[in-house]
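I opened the model to look up a few local features. My notes follow in the order I took them.

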Amino acid sequence: MNSHSKKIRIAIFLLVTIPNLCSVLFAQSSSLITNVEGRTTYPLDGDWQTIVDPYENGYYNYRYQPSDNGYFMNQKPKDKSDLVEYDFDKSELLKVPGDWNTQREKLFLYEGTIWYKKDFEYHLEKGRRLFVYFGAVNYGAIVYLNGTKLGEHEGGFTPFNFEVTSLVKKKDNFLVVKVDNKRSREFVPTVNTDWWNYGGITRSVSLIEVPLNFIKDYCIQLSKASNNEIRGWVQVDGKDLRQNITLRIPEIGLEKTFVANDNGYVNVNCKATLEFWSPEMPKLYEVIIETQSEKISERIGFRKIETIGDNIVLNGKRIFLKGISAHEEAPVRGGRAYSMDDARTMLQWVKELNGNYIRLAHYPHDESIVRLADEMGILIWAEIPVYWTILWNNEQTFLNAKNQLTEMIMRDKNRASVILWSVANETPLSEERLIFLKKLTEYARKLDGTRLLTAALEHHYVNDTTVVIDDPFGEYLDVIGLNEYIGWYDGLPDKADKIHWETMYEKPIIISEFGADALQGYHGDSLTRWSEEYQANLYEHQIGMLKKIPHLQGLSPWILADFRSPRRNLPGIQDQWNRKGLISDKGIKKKAFYILQQFYQQIN
Ligand code: GCU
């Protein structure tokens, strides 16, 4: 039996025998644990030389075939007669991390290719390995080191990495990335979204050095089946895979050693008496994983999230999610957010709202906000950009969505704050759509059976005053997310007073969106659209209606702060901003902010 078929047999055996844990196969995917103590990280952030290349001249030759002498070769004229028609070192700079749209006026509306180059020196000792890690690049990335292609990545909001051990030199390394944020029908998201298509290397880039045999990935969680048991797995990579792996939690005196199998994989489980993580008490433990060649640690919270009937239950207690939705728009400065400061500003605003939950819309946000939510005790709804009119029949589109789901779950699987994985937002009913989304949820459950699955669905009217939630996809979800715009796209604010809600699901419902646009500082009576008074009026009527919605277990109004959208073009009011924020693009709170704050104060 050759080693390949032997591997498959082992994988199938493990899959059937280990329910509710992140599945084996994905421990062998490209995810790489980062942001942990004990690992050498060398940031490549800062100024990168860039070439704006709308015709992809640096990639294709004049016959529109990929050239093997493109800009990734970073060529220099050999002598005065040599013909080279680009020069990174004389080209303009762009900051990484950061979108290009808000860094250079003429790139504000640019959608296309920009080449990025970063020079670096790196002395890699013998017996060490080196990876280049990207937090995210929007949308498509082709990555080269010293002229050699490392690989490609598609999807603007999840991390990826490549090993460069055999390619890195002591001096004169040049890392080149072809970034392309052109939209296309079969992509995820597809061509129409209500957010700005910020392009660029939007999150941090770093070199990560590890020993020859290293801890590639792990999942350490509270067991679903018991309150005093830790369960998970560890995957090591390298030549010696049958490693001893020791799990330690010094604070509770826990220390247990496991032996990895031929694939370097081991399930870990051990008894533990833990304080549970919750918004009131965001308890995190230092968790240490050690092998013969490496010792890393990070802070992990242990909590149990489940649904019981129509309740959302955290650590055995019913919880109401007092939340808000948010785009990854940098507070006050605008542009794609990426820093811990951006995250802290946003989560502090949630705290000021008396909130305990945030919906990170409509794509995975930077890891910093998820880790900070662990620290600050804020629950998270995380989502992949399967948004509006995706191409349901396109296999590539499905594989792309599946891959983004994998990368999202694999990055944040150890985060206590993340309780909900959302696989879609406002997608039109059809058989193809149902098949597509059903496959995604089945797959998500295999990857992670410890969290709740949801999606933002829509309702419909059965008569003037009765709305029904009966989207067939609700069947496959643990929690029903529901977006409604009664009082904004649908009538005036007081319409909410007479609406009666029905649902065919005895499941928890989260009103994942409602809201109204208001230009901060623009005032009028409560029926003057775009005024703060109209927005405030809508919130008051909504709150009255929400109390009557059956099975309501949470809400995340649309939206924490104004965000840029190319669909919003009303001069003097929108100016390419969606103004449904409770906080303006300048960070100023609108009247409705205090109405929601007070409502959440009342909800104990
Ligand atoms: C939709 C959608 C959001 C959008 C919002 C709006 O429901 O999910 O992405 O921004 O409505 O219209 O403001």
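**Hairpin.** I began with the hairpin that joins β26 to β27 through 2 residues. The model is predicted, and I read every entry with that in mind. Strand β26 covers residues 460–463 and β27 covers residues 466–469. The two run antiparallel, joined by 3 bridges. I checked one pairing position: His460 stands opposite Val468 in β27.

**Lys495.** Next I went to a lysine in a loop. Lys495 sits between β28 (479–483) and β29 (500–503). Is Lys495 buried or exposed? Its relative accessibility is 18%. The cut-off for buried is under 20%, so Lys495 counts as buried. Which residues does Lys495 touch, leaving aside its neighbours within four places in sequence? I found contacts with Tyr461, Asp464, Ile486 and Asp490. Tyr461 took me back to the hairpin entry, as residues 460–463 make up β26.

**Open sheet.** I then traced a sheet of 4 strands. The order is β14-β13-β16-β17, the sheet is open, and the pairing is antiparallel. Which strands lie at the edges? They are β14 (254–259) and β17 (295–300), and each pairs on one side only. Neighbouring strands here are turned by 20° against each other on average, direction ignored. I looked further at one pair. Strand β16, residues 285–290, pairs with β17 in the antiparallel sense over 6 bridges. Within this pair, Val287 stands opposite Glu298 in β17.

**Largest pocket.** I turned to pockets. The largest pocket has a volume of about 440 Å³. Its lining has 22 residues, and the closest to the pocket centre are Asn35, Tyr133, Ser204, Asp366 and Glu367. Which elements give two or more residues to this lining? I noted β1 (40–43), β10 (205–211) and α4 (367–376). By class, the lining of the largest pocket has 8 nonpolar, 8 polar and 6 charged residues.

**Second largest pocket.** I repeated the lookup for the second largest pocket, with a volume of about 380 Å³. Here 17 residues form the lining, and Gly140, Ile142, Glu152, Lys178 and Asp180 are the closest to the centre. Strands β6 (140–145), β7 (148–154) and β9 (173–180) each supply at least two lining residues. How does the lining of the second largest pocket divide by class? I recorded 7 nonpolar, 3 polar and 7 charged residues.

Key: Residues are numbered from 1 along each chain as its sequence is written. This is a predicted model: local features need pLDDT of at least 70, side-chain atom pairs count only at pLDDT 80 or more; totals for chains, interfaces and linings use all residues. Side-chain values use heavy atoms; hydrogens and water are left out. Two strands pair if DSSP finds at least two bridges between them. Axes are lines fitted to C-alpha atoms, for helices over the stretch in contact, and angles run from 0 to 180 degrees between N-to-C directions. Buried means under 20% relative accessible area, exposed over 50%, partly exposed in between (1.4 Å probe, protein chains only). Contact means heavy atoms within 4.5 Å. On a 1 Å grid over the protein atoms alone, a cavity is a set of points where a 1.4 Å probe fits but cannot get out, and a pocket is an open set with protein on both sides within 12 Å along at least five of seven lines; lining residues have an atom within 4 Å of a point. Grid points are joined across faces, edges and corners, and a volume is the space filled by probe spheres set on the points. Ala, Val, Leu, Ile, Met, Phe, Trp, Tyr, Cys and Pro count as nonpolar, Asp, Glu, Lys and Arg as charged, and the others, Gly among them, as polar.
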